[in-house]
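Here are some exercises to work through with the model open on your screen. Try each task before you read its solution.

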Amino acid sequence: MSFSKTLPIALLSCILGASLTCKSGSSRGDDNDKTVFGDCLDGKITVYGEAPIYTSMDASEGKAKEDACRTAVEKCIGTQVASYSGVGNGQSVANEIFTKANGMCRNGQILGKNQYDMDTIKMLRLTVRYEVSQSELKNQIDQMQKIAGNPKLMILIREEYNLAGQGKRVESFSSRNAIAAAALRDFFVRKDYSVIDSSGISLAGINEEAAAKNPEQFPEDIKERAAKAGADILVIGSLEANPNATINLSDESMKLYMKSYKATGNITLLALWGKSKVLGEFNNPVGGAQTTDLAAAQMSVKRFAVGSGTDYVKQPGGIAKEINRKLSDIWSDLTRNNVIVLNITGLDQKAAGGFRDDLKIKTGVKEINPINETDNSQEWEVTYPGRSFALADTISWNRENPKIFRSVAENGKKPSVVSVTRGEIKIRFD
């Protein structure tokens, strides 16, 4: 059963006040856990936000209000999406979608304001009530479903047609005349996947033939561009359509001579999370027949992609059926256990131990395995229920908060995200 089919029904049941119990949970703990989803349904939600006071009070107040908005997103959307989709936890989902969802926080009314000391740093805490439109909430949940439901795909398939007596015809990765890629795009869109258009990334200078036949050699910078464009999975490979040995399929009574072609190739399913894990390979040869060479070759390629059924969404065939089954089986587990490498500089081993504990307690990181450690640098492999960009955002957002990272309070060192890719985050403590 696909997540995207069940998620909206469950969430909308909450919105309409059905008998489902919609409790919110947070990795932050504290009093915010008492906020129930019903507050969102009533059109208002009261949350608190915190920020250290370093410069002006106005700047700290603005930061605290935005922190409260993030909490509202987590309560009203993130936790619900996470609980029904199986993707990550409320905090990691909320971080992933915050830039798209913060429009739901409107007319923030400050109900309370107080200061307290966190070691040597003054902290500001605001209690804020936001107005939430139910229609806006529904719209945002629809957006969240697209993000936290099925993975987003980018399809790069090179098609080569070796037509009898006509030479070779090639459709590149970005060709609008490609048959297999178009059929797969249509199939996955109608299955409620998001398909990222490859025209949004530059493929200049890439050797498509070599990359399509050996995806492990696919350039890393292209993978990065695809990931930054929003793709979770790359469907990449090459197909060849060649004449069958027997092509004289004819109807003498109608003088109709059929051409027969066979499509062969190899399509790889490549995760753009973490270390670009290969999730599957598909290479079942398929034949096709039509009255012209080109039509027969294109028929074989389409059947390779989606099968021969008239309604390939209800009765899929070809590699579409296999890819859909594979993603349904592994996607939830993959997103809950994304492996990211953290490269850290600027902390001695004692402070690094504190940062390691903070990551596990305050950010949703599940496991941390040291790869290499010295007195001023650490390389860790962490398991996180979300994308590296969401974890990097969490670290950046809280870099000045001594309540999240103890090094800020103990020695004034703040983590800065130097760079982030789909599988690695580089952090420097200043």
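Keep in mind as you go that this is a predicted model.

**Exercise 1. Find the glycine with a positive phi just after H11, then describe the helix before it.**

Step 1. Go to the end of H11: just after this helix, Gly 364 has a positive phi of about 90°.

Step 2. Now take the helix as a whole. H11 covers residues 349-362, 14 residues in total. From first C-alpha to last, H11 reaches 20 Å, close to the 20 Å expected at 1.5 Å a residue.

Step 3. Move to the start of H11, where a side-chain oxygen of Asp 348 comes to within 3.2 Å of the backbone nitrogen of Lys 350.

Step 4. List the residues of H11 that are buried, using the cut-off of under 20% relative accessible area. They are Ala 351, Ala 352, Gly 353, Gly 354, Phe 355, Asp 358 and Leu 359.

Step 5. Look at what these buried residues pack against: S12, S13, S14, S16, H12 and helix H13 (406-411).

**Exercise 2. Work out the strand order of the open five-stranded sheet and place H12 on it.**

Step 1. Trace the sheet across: the order is S13-S14-S12-S16-S15, and the pairing is mixed.

Step 2. Identify the edges. Strand S13 (367-373) and strand S15 (415-420) each pair on one side only.

Step 3. Check the twist: on average, neighbouring strands of this sheet are turned by 25° against each other, direction ignored.

Step 4. Add the helix. H12 (residues 388-397) packs on the sheet and touches S12, S14, S15 and strand S16 (424-429). The direction of H12 makes about 155° with that of S15.

Step 5. Zoom in on two pairings. S12 (residues 338-345) and S14 (residues 377-384) are antiparallel over eight bridges, and Asn 343 has Glu 379 in S14 as its bridge partner. S15 and S16 also run antiparallel, joined by five bridges, with a hairpin of three residues linking them.

**Exercise 3. Which residues have the most contacts inside the largest nonpolar core?**

Step 1. This core has 39 residues, and those with the most contacts inside it are Leu 184, Ile 233, Leu 269, Val 306, Ile 323 and Leu 327.

Step 2. See which elements supply it: among those giving two or more residues are strand S4 (152-163), helix H6 (179-190) and helix H10 (318-336).

Step 3. Compare with the second, separate core of 25 residues, which includes Ile 121, Ala 351, Phe 355 and Ala 392. Ala 351 and Phe 355 bring you back to H11, where both are buried.

Methods:
Residues are numbered from 1 along each chain as its sequence is written. This is a predicted model: local features need pLDDT of at least 70, side-chain atom pairs count only at pLDDT 80 or more; totals for chains, interfaces and linings use all residues. Side-chain values use heavy atoms; hydrogens and water are left out. Two strands pair if DSSP finds at least two bridges between them. Helices (H or I, at least four residues) and strands (E, at least two) are DSSP runs, numbered from the N terminus. Axes are lines fitted to C-alpha atoms, for helices over the stretch in contact, and angles run from 0 to 180 degrees between N-to-C directions. Contact means heavy atoms within 4.5 Å. A nonpolar core is a set of buried Ala, Val, Leu, Ile, Met, Phe, Trp, Tyr and Cys residues joined through side-chain atoms within 4.5 Å. Buried means under 20% relative accessible area, exposed over 50%, partly exposed in between (1.4 Å probe, protein chains only). The expected span of a helix is 1.5 Å times one less than its number of residues. A polar contact is a pair of N or O atoms within 3.5 Å; within protein, one must be able to donate a hydrogen and the other to accept it, and residues adjacent in sequence count only if both atoms are side-chain atoms.
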